[in-house]
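Reader: I'm new to reading protein structures, and I'd love a close look at just one part. Could you walk me through the surroundings of the ligand?

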Amino acid sequence: MRIIRYIEDSRTVLAALTDDHTIYPLPFADLMDVVHEAKKNQLSVFRYIQTVISGKQGMKKELAELHLLVPIVAPEVWASGVTYEKSRDARNYETSEKIDGQETCYDRVYDAERPEIFFKSTAARTVGPNAPIYLRSDSNWQIPEPELGLVITGEGEIIGYTIGNDMSCRDIEGENPLYLPQAKIWKHSCVIGPAIRLAETVDDPYNLQIICRIYRNDQLVVEESANTRQLRRRYDELVSFLLRDNEVFDGTVLLTGTCIVPPNQFTLEDGDRIEIEVPGIGVLSNPVKSLVKQTVTK
Ligand code: DO4
Ligand code: MG
């Protein structure tokens with residue numbers, strides 16, 4: 001079972017999408033309200049939603065006909081880094097911090113007990129399916145990072161899984177690791193959606209295929225895929241580091257790191273379209289647009 005949000009007649013609707021592709025609008029504003037009601041009723045979220053929709057007729061519309069929104073207005077999005085070998089190798093390729101024969105900070109964090117966890121986004125900077133992703137005007141090497149996202153409660157319980165795109169500027173990060181926030185955070189630089197699959201309805205979250213396709217002038221220019229079984233860490237390990245001495249809010253999304261990196265010579269361009277698919281969760285599709293260069297005034 002998946003959870004979606006969409007707009008209908010200027011109203012935001014939360015809905016359950018069952019595995020037979022039927023959509024049931026839910027009488028709640030957001031998934032966290034459902035989570036709290038389920039707890040009060042001592043039911044799992046899935047069982048509780050089943051009781052809410054039982055005897056109801058699903059909508060006549062198909063998913064493709066809906067104007068989808070972010071499936072959850074996450075107060076914060078955090079991200080894990082260098083959790084896949086592919087990411088470690090890409091960071092080592094782009095970094096200017098390499099000294100022959102010596103380990104980089106990326107080599108060390110890949111093997112360290114403490115993972116890399118960084119702040120990625122606020123609700124205002126995070127967009128959902130079909131919304132434009134912006135390109136930074138001061139970077140010439142930008143890529144999507146397709147990642148599995150964990151939707152968690154303030155206590156760190158994993159409620160569901162979604163798809164995330166941790167947009168990244170490889171040149172800014174490569175120039176100096178201290179530039180990470182600028183390489184990761186700007187307007188519309190974080191995408192989540194199109195749905196949240198309830199955690200209890202996922203057989204094995206360490207066996208999810210992630211596929212990334214990038215289209216330019218309607219031609220497929222990048223297609224890569226990987227599997228969450230290649231993840232170096234456990235999800236609860238990442239969540240526990242995020243929670244350490246931290247205040248985490250209900251509905252926070254923790255991205256789990258990228259397992260896909262487009263070829264090194266590739267950079268996104270205005271007009272491209274990015275598609276990230278995780279079978280069982282959906283396809284997250286977004287157009288790419290340039291931000292107009294801003295002149296700095298004193
Ligand atoms: O170290 C920088 C961030 C890496 C990252 O975002 C990832 O591995 O997904
Ligand atoms: Mg990332």
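Author:
**Around ligand 1**

Happy to! Start with the residues that surround ligand 1: there are 16 of them, and those that come nearest are Val82, Ser87, Glu116, Glu173 and Lys184. Keep in mind as you look that this is a predicted model.

Three of these names are worth a visit one by one. At valine 82, the partner is a polar atom of the backbone, and an oxygen atom of ligand 1 lies 2.8 Å from it. With glutamate 116, the side chain takes part: one of its N or O atoms is 2.8 Å from an oxygen atom of ligand 1. Glutamate 173 also offers an N or O atom of its side chain, here at 3.2 Å from an oxygen atom of the ligand.

How much of ligand 1 does the protein bury? Taken alone, ligand 1 exposes 280 Å², and 99% of that is buried by the protein. The space that ligand 1 takes up is the largest cavity.

Now trace the chain to see which elements build the shell. Two or more residues each come from β5 (76-81), α3 (85-94), β6 (116-122) and α6 (180-184). Sorted by class, the shell holds seven charged residues, five polar ones and four nonpolar ones.

Valine 82 deserves a second look. You will find this residue in the loop between β5 and α3. Its backbone has a positive phi, about 55 degrees, although valine 82 is not a glycine. So this one residue brings together that phi angle and the backbone contact with ligand 1 described above.

To set this part in a wider frame, turn to the record. In an unreviewed entry, UniProt places the feature "domain: Fumarylacetoacetase-like C-terminal" at residues 113-288. That span is 43% strand and 11% helix, and its end C-alpha atoms lie 36 Å apart.

One last detail of the backbone is found in strand β13 (residues 190-198), where proline 194 has its place. A cis peptide bond joins this proline to glycine 193, with omega at about -5 degrees.

Key: Residues numbered from 1 in each chain as written. Chains lettered and ligands numbered in written order. Predicted model: local features only at pLDDT ≥ 70, side-chain atom pairs only at ≥ 80, totals over all residues. Heavy atoms only, no water. Near = heavy atom within 4 Å. Polar contact = N/O pair within 3.5 Å; in protein donor to acceptor, adjacent residues only side chain to side chain. Areas by Shrake-Rupley, 256 points an atom, 1.4 Å probe, with all protein chains shown as cover. 1 Å grid on protein atoms, 1.4 Å probe; cavity = no way out; pocket = protein on both sides within 12 Å on 5 of 7 lines; lining within 4 Å. Sits in = over half its atoms within 2 Å of the grid points. Helix = DSSP H or I, 4+ residues; strand = E, 2+ residues; numbered from the N terminus. Nonpolar A, V, L, I, M, F, W, Y, C, P; charged D, E, K, R; others polar. UniProt positions renumbered as here; feature names shortened; annotations may be inferred.
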